[in-house]
Amino acid sequence: MPAQVSSDVVERLLAEAGSAHPQECCGLLLGSGDAITAIRPARNVHPDPARRFEIDPQALVDVYRQAREGGPQVLGYYHSHPNGVAEPSATDRSLAAGDGAIWAIIAAGRITLWRSGDAGFEKLPYELAPR
Ligand SMILES: [Zn+2]
């Protein structure tokens, strides 16, 4: 089953990547099931933000608290690749927890989704959903 991504989310992810360039943008993917309906942008607090990302820990605290209080669930993470490579980097693979989270990578004006599973990242097809 493909994931669903709202067209609003697609526009926002592309805008986030564009405004962060040449640094990496990053944040959280929110929604329910495999339907991504919102994002929560976060500061990239990594000391080398042009090549790496680290989501501001406060953003993680905020979204998980909101999820517990009935807000949208945290489905995964997004970040951009200013070098335009539309697949997880070696660093991304080392960070992946194999927890089933969805990773969105924005590169060269396109968005690809990946599922972090036991065997590493698997490409996750998706379809656009109306906002
Ligand atoms: Zn990456």
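This is a short tour of a predicted model, from its sheet to its zinc site and one loop residue.

**Stop 1: the sheet**

Show the cartoon and look for the strands. You will find an open sheet of 8 strands. Trace the strands in the order 7-6-5-4-2-3-1-8. The pairing is mixed. As background, strands of a sheet pair through backbone hydrogen bonds, either parallel or antiparallel.

Now select residues 120–124 and 126–129. These are strand 7 and strand 8, the edge strands. Each of them pairs on one side only. Turn the view and follow the twist: it averages 35 degrees from one strand to the next.

**Stop 2: strand 1 and its partner**

Select residues 3–6, which form strand 1. Keep strand 8 on screen too. How do strand 1 and strand 8 pair, in the parallel or the antiparallel sense? They pair in the parallel sense, over 4 bridges. Zoom in on Ser6. Opposite Ser6 stands Ala129, in strand 8.

**Stop 3: the helices on the sheet**

Select residues 7–20. This is helix 1. Helix 1 lies across several strands, including strand 1, strand 3 (35–42), strand 4 (73–80) and strand 8. Helix 1 runs at about 25 degrees to strand 3.

Next, select residues 57–68 for helix 2. Helix 2 also packs on the sheet. Helix 2 touches strand 2 (26–32), strand 3 and strand 4. Compare directions here: helix 2 makes about 155 degrees with strand 4.

**Stop 4: the zinc site**

Select the zinc ion, then show the side chains of His79, His81 and Asp92. Which atoms coordinate the zinc ion? They are NE2 of His79, NE2 of His81 and two OD atoms of Asp92, at 2.0 to 2.6 Å. Along the chain, the donors follow the spacing H-x1-H-x10-D. His81 sits in the loop between strand 4 and helix 3 (90–95), while Asp92 is in helix 3. The pair is 11 residues apart and links distant parts of the chain.

Check the angles among the 4 donor atoms. They span 54 to 155 degrees, and the site is irregular. A tetrahedral site would need all angles between 85 and 135 degrees.

Are His81 and Asp92 buried or exposed? His81 counts as buried because its relative accessibility is 7%, under the 20% cut-off. Asp92 is buried too, with a relative accessible area of 3%.

**Stop 5: Asp56**

Finally, select Asp56. Asp56 lies in the loop between strand 3 and helix 2. At 16% relative accessibility, Asp56 counts as buried. Show its surroundings: leaving out residues up to four places away in sequence, Asp56 touches Ala42, Arg43 and Val45.

Methods: Residues are numbered from 1 along each chain as its sequence is written. This is a predicted model: local features need pLDDT of at least 70, side-chain atom pairs count only at pLDDT 80 or more; totals for chains, interfaces and linings use all residues. Side-chain values use heavy atoms; hydrogens and water are left out. Two strands pair if DSSP finds at least two bridges between them. Helices (H or I, at least four residues) and strands (E, at least two) are DSSP runs, numbered from the N terminus. Axes are lines fitted to C-alpha atoms, for helices over the stretch in contact, and angles run from 0 to 180 degrees between N-to-C directions. Contact means heavy atoms within 4.5 Å. Donors are N, O and S atoms within 2.8 Å of the metal (3.2 Å for Na, K and Ca); water is not among the atoms, so sites may look incomplete. Four donors count as tetrahedral if all angles lie between 85 and 135 degrees; four count as square planar and six as octahedral if opposite donors are over 155 degrees apart and all others between 65 and 115; anything else is irregular. Buried means under 20% relative accessible area, exposed over 50%, partly exposed in between (1.4 Å probe, protein chains only).
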